[in-house]
Amino acid sequence: MSALSDRALIIALSQMGFDGLITTNHHMLDAPTEVAAMVATKSTMIITKSMGHNMLRASGALFLELPGIEHRILPKSSNVFVLSYERRKHWMTWAGCDVRY
């Protein structure tokens with residue numbers, strides 16, 4: 001299915017009985033035809049953003065959100081979840097602490 005456009009992919013997955021798609025392609029939200037396909041097919045989209053092409057980071061973000069996501073999905077409606085996690089800056093836990101043993 002890699003030869004399909006995003007719009008055609010969303011429609012094809014819906015026709016095959018899939019309820020949605022998990023992807024790292026957040027740019028599909030900028031394209032009106034893709035958004036129209038999401039709405040028309042009432043798809044649930046889980047989209048990771050700011051992960052680059054790092055599947056490990058994207059999977060981690062997904063695993064953090066998965067518990068309970070089924071309760072946030074509205075039936076008979078399109079649902080879009082955008083997951084975005086920025087890298088945390090280094091933080092010195094013990095800096096400035098007077099620790100004595």
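**Figure 1. The outward face of helix α3 in the predicted model.** Let's start with the side of α3 that is turned away from its buried residues: here you will find Leu56, Phe63 and Leu64, which are exposed. Note that this is a predicted model, so please read the close-ups in that light.

**Figure 2. The buried side of helix α3.** Helix α3 runs over residues 55-65, and Ala58, Ala61 and Leu62 are its buried residues in this view. Why do they lie on the same side of α3? Because they cover an arc of only 100° around the axis. And what does this buried side pack against? The partners are three strands: β1 (20-23), β2 (44-49) and β3 (79-84).

**Figure 3. The start of helix α3.** Zooming in on the beginning of α3, look for asparagine 54. One of the oxygens of its side chain comes to within 3.0 Å of a backbone nitrogen, that of leucine 56. Leu56 may look familiar, as this residue also appeared among the exposed ones on the face turned away from the buried side.

**Figure 4. The salt bridge between glutamate 65 and arginine 72.** How many salt bridges does the structure hold? There is one, and here it is: the side chains of glutamate 65 and arginine 72 meet with 3.0 Å from N to O. Is arginine 72 buried, exposed or partly exposed? With a relative accessible area of 42%, arginine 72 is partly exposed, because that value falls between the 20% limit for buried and the 50% limit for exposed.

**Figure 5. Threonine 41 and its surroundings.** Threonine 41 belongs to helix α2, which spans residues 32-41. Its side chain makes a polar contact with another side chain, that of serine 43, at 2.6 Å. Which residues does threonine 41 touch once its neighbours within four places in sequence are set aside? They are Ile10, Ile11 and Ser14.

**Figure 6. Stepping back to the whole chain.** To place the close-ups, here is the overall picture: three helices and three strands make up the secondary structure, and from the N terminus on they follow the order α-β-α-β-α-β. The chain has 101 residues, and 25% of them count as buried. Take the contacts between residues at least 6 apart in sequence: 57% of these join residues at least 24 apart. The accessible surface comes to about 7,600 Å², with 59% of it belonging to carbon and sulfur atoms.

How values were computed
Residues are numbered from 1 along each chain as its sequence is written. This is a predicted model: local features need pLDDT of at least 70, side-chain atom pairs count only at pLDDT 80 or more; totals for chains, interfaces and linings use all residues. Side-chain values use heavy atoms; hydrogens and water are left out. Helices (H or I, at least four residues) and strands (E, at least two) are DSSP runs, numbered from the N terminus. A polar contact is a pair of N or O atoms within 3.5 Å; within protein, one must be able to donate a hydrogen and the other to accept it, and residues adjacent in sequence count only if both atoms are side-chain atoms. Contact means heavy atoms within 4.5 Å. Buried means under 20% relative accessible area, exposed over 50%, partly exposed in between (1.4 Å probe, protein chains only). The arc is that of the directions from the helix axis to the C-beta atoms. Accessible areas come from the Shrake-Rupley method with a 1.4 Å probe; for residues, only the protein chains shown count as cover. A salt bridge is a side-chain nitrogen of Lys or Arg within 4 Å of a carboxyl oxygen of Asp or Glu.
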